[in-house]
Amino acid sequence: VAVAVTACTTAYDGESTTIAPPPATDFVYVSEALDYSCGSLDCHGTLGRNLRLYGTFGLRLDPSDVPCTPTTTDDEVAANYRSAIGLEPEVIASVFASGGEHPERLTLVRKARGAESHKGGSVFPEGSFGDLCLVSWLAGAVDQPSCNNLFSHLSNSLTVCTQATQP
């Protein structure tokens, strides 16, 4: 018995709009902030999350890598970028197109600030280094000093990682 299926479609006659998310350039700083603050294995470093984060402090993209070693890879940063922009692509493009105005339109920002129910609480309170790191990326120019100030706390975690991986 042979079955044939035919489908017809017509070309879309309306206008097309291209949406542009914030650039991947310098996202590495934001990725590290998200990995450090949100990417633990009991939070967004797990496969079941819609915002899935990979990196040094949690879930690894390469199954042969383990937390703490090696450091976050370029592939993990790229996966984190796709995860972040994929949450609400139209909204993130709108925030970026407006120069970062009203970033609280994004669930990512509201949850990080604690303005919306979030199991992890307020990880980036409004105006904090983490918040400034994230929203500056949404505006198109990562505030690297804010990201780096957040990372000043990172040295304790890196020490723990160093101790945990030594024989």
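Is Glu76 buried or exposed? In this predicted model, Glu76 has a relative accessibility of 0%, and because buried means under 20%, Glu76 counts as buried.

## A buried pair: Glu76 and Arg60

Glu76 does not stand alone, for its side chain forms a salt bridge with Arg60, and the closest N and O atoms of the two residues are 2.8 Å apart. This pair links distant parts of the chain, since Glu76 belongs to helix 2 (residues 74-86) while Arg60 sits in the loop between helix 1 (27-38) and helix 2, with 16 residues separating the partners in sequence.

The partner of Glu76 can be judged by the cut-off already used: Arg60 has a relative accessible area of 7%, and so Arg60 is buried. Side chains of opposite charge can pair when their charged atoms come close.

## A network around Arg113

By the rule used for such pairs, the count of salt bridges comes to four. Among them are two that involve Arg113, and through these Arg113, Glu126 and Asp131 are linked in a network.

In one of these bridges, the side chain of Glu126 meets that of Arg113 at 3.8 Å, taken from N to O. Glu126 lies in the loop between helix 4 (107-113) and helix 5 (129-139), whereas Arg113 lies in helix 4, so the pair ties together parts that are 13 residues apart in sequence. The two partners of this bridge do not share a setting: Glu126, at 63% relative accessibility, counts as exposed, but Arg113 is buried, with a relative accessible area of 16%.

The side chain of Arg113 also meets that of Asp131 in a salt bridge, with 2.7 Å from N to O. Here the link runs between two helices, as Asp131 is in helix 5 and Arg113 is in helix 4, and the two residues are 18 residues apart. In this pair, both Asp131 and Arg113 are buried.

## How helix 1 meets helix 2

Helix 2, which carries Glu76, also packs against helix 1, at an angle of about 85° and with the two axes 9 Å apart. Angles of 65 to 115 degrees count as roughly perpendicular, and therefore helix 1 and helix 2 are described as roughly perpendicular to each other.

On the side of helix 1, the contact is made by Phe27, Val28 and Ser31, and on the side of helix 2 by Val77, Asn80, Tyr81 and Ala84. When the residues of this contact are sorted by type, five are nonpolar, two are polar and none is charged.

How values were computed. Residues are numbered from 1 along each chain as its sequence is written. This is a predicted model: local features need pLDDT of at least 70, side-chain atom pairs count only at pLDDT 80 or more; totals for chains, interfaces and linings use all residues. Side-chain values use heavy atoms; hydrogens and water are left out. Helices (H or I, at least four residues) and strands (E, at least two) are DSSP runs, numbered from the N terminus. Buried means under 20% relative accessible area, exposed over 50%, partly exposed in between (1.4 Å probe, protein chains only). Axes are lines fitted to C-alpha atoms, for helices over the stretch in contact, and angles run from 0 to 180 degrees between N-to-C directions. Angles under 35 degrees count as roughly parallel, over 145 as roughly antiparallel, 65 to 115 as roughly perpendicular and the rest as oblique. Contact means heavy atoms within 4.5 Å. Ala, Val, Leu, Ile, Met, Phe, Trp, Tyr, Cys and Pro count as nonpolar, Asp, Glu, Lys and Arg as charged, and the others, Gly among them, as polar.
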